[in-house]
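Student: Could you take me through one part of this model in detail, and then say how its surroundings are arranged? I would like a connected account rather than a list.

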2 protein chains.
Amino acid sequence: MKLVVGNACPRHETEAAAPQDCAHCAVREIAVCTALSGPELERLRGIAVTKLYEPGSLVFAAEEPTSMVGTVVQGTIKCFKLLADGRQQVVGFFFPGDFVGSPTQETSHAFAEALTPVEICVFPFPAIQRLIREMPNLERRLLKLANEDLDLAQEWMLLLGRKTAQERLATFLLLLAHKAKARGVAGAPIDLPMNRSEIADYLGLTIETVSRQFTKLKASGHIRIAHNNEVVIRNLEGLTAIAEGTA
Amino acid sequence: MKLVVGNACPRHETEAAAPQDCAHCAVREIAVCTALSGPELERLRGIAVTKLYEPGSLVFAAEEPTSMVGTVVQGTIKCFKLLADGRQQVVGFFFPGDFVGSPTQETSHAFAEALTPVEICVFPFPAIQRLIREMPNLERRLLKLANEDLDLAQEWMLLLGRKTAQERLATFLLLLAHKAKARGVAGAPIDLPMNRSEIADYLGLTIETVSRQFTKLKASGHIRIAHNNEVVIRNLEGLTAIAEGTA
DNA sequence: CGTCCGGCTTGACCCGGGTCAAGTCAAGGC
DNA sequence: GCCTTGACTTGACCCGGGTCAAGCCGGACG
């Protein structure tokens, strides 16, 4: 999942090494360790660039030559498709540790936008293409990532094609909880860096329906919402049953 | 796209070489040529097995250890996910030349079923895993395939989340036409090897809605349907406009 | 040639979620 | 403290597509 190699953390640019207690730098280190090692790692270091994006700014656009792939270090990115009349479908949210972009396709077919201040460890497209040829470990990792992403996309097709509004929201919250846990964030309250509109565009609903379903889940005691857009799951089994349609 | 290497075509088992005019064998040959060559090809030949499935039989099941991956040589396979109560979402139809299965995941998360008599060129899972490690060309091919499949899945998320019934059916027919053309089949009448129920489960609709939308497209002169479940596109631009929501 | 059967179509009605329009609420700005 | 602003919630109503129930139609079989 991780493929981060970069310059020093901008917060510690003046220091020789990043302090151990910086969660931000911890992500980097885990990333580096699980990806590669030795001379291969050194090659990656020479190519990776850290980039920063403001909330709302476009990381890349559809139907343009692929410029980059990379791993999110900090912040959240949404990836989406558009129809001519503006209808939008979010195809994924990307959190720290997630790999973004297609390393083999010459042109992108989706947009990517920063939802929060984003720091991303970027590999320019021509460089990553060259590296894939020369580093089998890297290629194997990317193949595994692509297969996992494909499976998740198919799971989402099931959601969009066959689940009710209530089931969709429950599934969404469980996915966020799962991803937060996977990257080692204290799982209790789940942060929602995206707004209702973006959730709606991920679940194939409208903001009103999303809001109503939140209200229902609160009323039935499955979740609780703190004022800063954080969700607490109070009944995991119940929520899971709803998500799977066995409630 | 192609990754077929197998024993002799069953129709010509008694002959030393397959005749040139057999479309069935042509698929094999194209597949072999574009995939690999020389000693690598010989290794693949030693591992590939041709398997046959009856219509309605299960090629593989979800939540079981991955047994195989392979390329369809003849016939059509549908790949789908299920909810506990039986709701079904088709995540893809696979035609001759299409690669089926995830070469890196230990357990499958979808079902695959033959819709017609199917001949498939199968690589047992342990073998393909070993081969991936040893053959970079094979791995590169699989990575490209996975990225293309992912893009198609995301396009389908857009369809399922945001398109109307009419737009969905138009998009579906254009996809079939596109795939038929890509594998060199005379494009004029598109064969529909799947029934209304399977189309409905692919488009996130019901059979009645699919039927009504077929009727509408016929009435508006965009398509024509022959009795043997074949579709003729009579107005390509119009159908494209409908599919993209710009009609 | 009839009749059975399964897949498809069509019609009548219904409902989950979309649409439209207020209302609420918290964060800033002055 | 008051007003503005934007995100969210809530209510009232509507409609696209789901549901239920008949037809229709072509192929298989006696």
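**A helix across the sheet**

Tutor: In this predicted model, helix H6 of chain B, residues 196–203, lies across strands E4 and E5 of chain B and runs at about 105° to E5(B). Those two strands belong to an open sheet of four strands in chain B, arranged in the order E2-E7-E4-E5 with antiparallel pairing. Strand E2 (58–60) and strand E5 (88–94) of chain B stand at the edges, and because each has a single partner strand, one side of each is left without a neighbour in the sheet. From one strand to the next, the twist averages 30°.

Within the sheet, strand E4 of chain B (residues 77–82) is joined to strand E7 of chain B (residues 111–114) by four bridges, the two running antiparallel; Cys79(B), for instance, has Ala112(B) in E7(B) as its bridge partner. The other chain takes part as well, since helix H4 of chain A (residues 136–162) packs on the sheet and touches E4 and E5 of chain B, its direction making about 125° with that of E5(B).

Helix H6 of chain B also leads on to the DNA: H6 and helix H7 (207–219) of chain B, together with helix H7 (207–219) of chain A, each supply at least two residues of the surface near DNA strand C. The largest share of that surface, six residues, comes from H7(B). Of the 16 residues around DNA strand C, those that come nearest are Thr164(A), Thr209(A), Asn195(B), Ser211(B) and Thr215(B), while the surface as a whole divides into four nonpolar, eight polar and four charged residues.

How values were computed:
Residues are numbered from 1 along each chain as its sequence is written. Chains are lettered from A and ligands numbered from 1 in the order in which they are written. This is a predicted model: local features need pLDDT of at least 70, side-chain atom pairs count only at pLDDT 80 or more; totals for chains, interfaces and linings use all residues. Two strands pair if DSSP finds at least two bridges between them. Axes are lines fitted to C-alpha atoms, for helices over the stretch in contact, and angles run from 0 to 180 degrees between N-to-C directions. Two residues are in contact if their C-beta atoms, placed from the backbone, lie within 7 Å. A residue is near a molecule or strand if its C-beta atom, placed from the backbone, lies within 6 Å of it. Ala, Val, Leu, Ile, Met, Phe, Trp, Tyr, Cys and Pro count as nonpolar, Asp, Glu, Lys and Arg as charged, and the others, Gly among them, as polar.
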